[in-house]
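Take a moment to turn the structure around before reading on. We'll go from a single odd residue out to the helices and then to the surface.

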Amino acid sequence: MTLTAIPRRSEATARTPAGAAGPSSAAPAERPTRDGDGLAVASFVLGLVGLLVMNLLLGPAAIVMALVALTRSTARRGRALLGLALGIADLVVLAFLVTGNGVVVWNFGG
């Protein structure tokens with residue numbers, strides 16, 4: 001009669017359910033952070049582009065995306081704050097354009 005050792009399950013496989021794999025079970029926990037990072041970058045880009053064109057649409061979109069990114073606790077917090085500031089700057093530029101010229105257009109000429 002020969003004695004053989006029974007193989008033990010590792011800690012990682014012991015904690016995961018029978019049908020789930022290790023790396024795929026961690027993905028849903030990381031998804032809100034990745035979504036928040038994408039929203040932070042998108043708010044920054046929209047706020048930056050909104051300074052030149054379509055202030056009325058891109059400014060509020062940048063503000064909303066930045067707030068959602070900050071709510072989801074993004075790793076790119078600085079970029080989300082820049083997107084928020086640029087979105088507010090879009091609306092300030094729009095207000096100056098409307099009060100100064102009476103129209104919502106850039107006018108570089110005299």
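Where is Met54 found? Look in the loop between helix 2 (22-50) and helix 3 (55-71), and you'll find Met54 there. Keep in mind that this is a predicted model.

**Two unusual backbone angles**

Met54 is worth a stop: its phi is positive, about 50 degrees, even though Met54 is not a glycine. Most residues other than glycine have a negative phi. Ser73 does the same trick, with a positive phi near 50 degrees and, again, no glycine in sight. You'll meet Ser73 just after helix 3, in the loop between helix 3 and helix 4 (77-101). Is Ser73 buried or exposed? Ser73 is exposed, with a relative accessible area of 54%.

**The whole chain**

Now zoom out. The chain has 4 helices and 0 strands, so reading along the sequence gives you the pattern α-α-α-α. Out of 110 residues, 20% are buried. The chain exposes about 7,900 Å², and carbon and sulfur atoms supply 67% of that area. What about contacts along the chain? Take those with a separation of 6 or more: 64% of them are between residues 24 or more positions apart.

**Helix 3 and its two sides**

Helix 3 has 17 residues. From its first C-alpha to its last it reaches 24 Å, close to the 24 Å expected at 1.5 Å a residue.

Which residues of helix 3 are buried? They are Asn55, Leu58, Gly59, Ala62, Ile63, Ala66 and Ala69. Look down the axis of helix 3 and you'll see these buried residues fall within an arc of 135 degrees, so they line one face of the helix. Turned away from that buried side is a face carrying the exposed residues Leu56, Leu57, Val64 and Thr71.

Pick one residue from each side. Ala66 lies in helix 3 and is buried, with a relative accessible area of 0%. Leaving aside neighbours within four places in sequence, Ala66 is in contact with Ser43, Ala80, Gly83 and Leu84. Leu56 also lies in helix 3, but Leu56 is exposed, with a relative accessible area of 58%.

**Ser43 and Arg79**

One of the contacts of Ala66 is Ser43, so let's follow that lead over to helix 2, where Ser43 has its place. Why does Ser43 count as buried? Its relative accessible area is 0%, and buried means under 20%. Leaving aside neighbours within four places in sequence, Ser43 is in contact with Ala62, Met65, Ala66, Arg79, Ala80 and Gly83.

Arg79 in that list is found in helix 4. At 37% relative accessibility, Arg79 counts as partly exposed. Not counting residues up to four places away in sequence, Arg79 touches Ala40, Val41, Ser43 and Phe44.

**Far in sequence, and how far in space?**

Here are three pairs of residues, with their separation along the chain and the distance from C-alpha to C-alpha.

| Pair | Apart in sequence | C-alpha to C-alpha distance |
|---|---|---|
| Arg79 and Ala42 | 37 residues | 9.3 Å |
| Leu56 and Leu91 | 35 residues | 6.9 Å |
| Ala66 and Gly87 | 21 residues | 8.8 Å |

**A nonpolar patch on the surface**

Finally, back to where we began. Which residues make the nonpolar surface patch of about 680 Å²? Val45, Val49, Leu52, Val53, Met54, Leu56 and Leu57 do. Helix 2 and helix 3 each supply at least two residues of this patch.

You already know some of the members. Met54 is the loop residue with the positive phi of about 50 degrees, and Leu56 and Leu57 are among the exposed residues on the face of helix 3 turned away from its buried side. Val49 is a new one: its place is in helix 2, and at 39% relative accessibility Val49 counts as partly exposed.

Methods
Residues numbered from 1 in each chain as written. Predicted model: local features only at pLDDT ≥ 70, side-chain atom pairs only at ≥ 80, totals over all residues. Heavy atoms only, no water. Buried < 20%, exposed > 50% of the residue type's maximum accessible area, 1.4 Å probe, protein only. Expected span 1.5 Å × (residues − 1). Arc of directions from axis to C-beta. Patch = residues over 30% accessible without salt bridge, like charges linked within 9 Å, V, L, I, M, F, W, Y side chains within 5 Å. Areas by Shrake-Rupley, 256 points an atom, 1.4 Å probe, with all protein chains shown as cover. Salt bridge = Lys/Arg side-chain N within 4 Å of Asp/Glu carboxyl O. Contact = heavy atoms within 4.5 Å.
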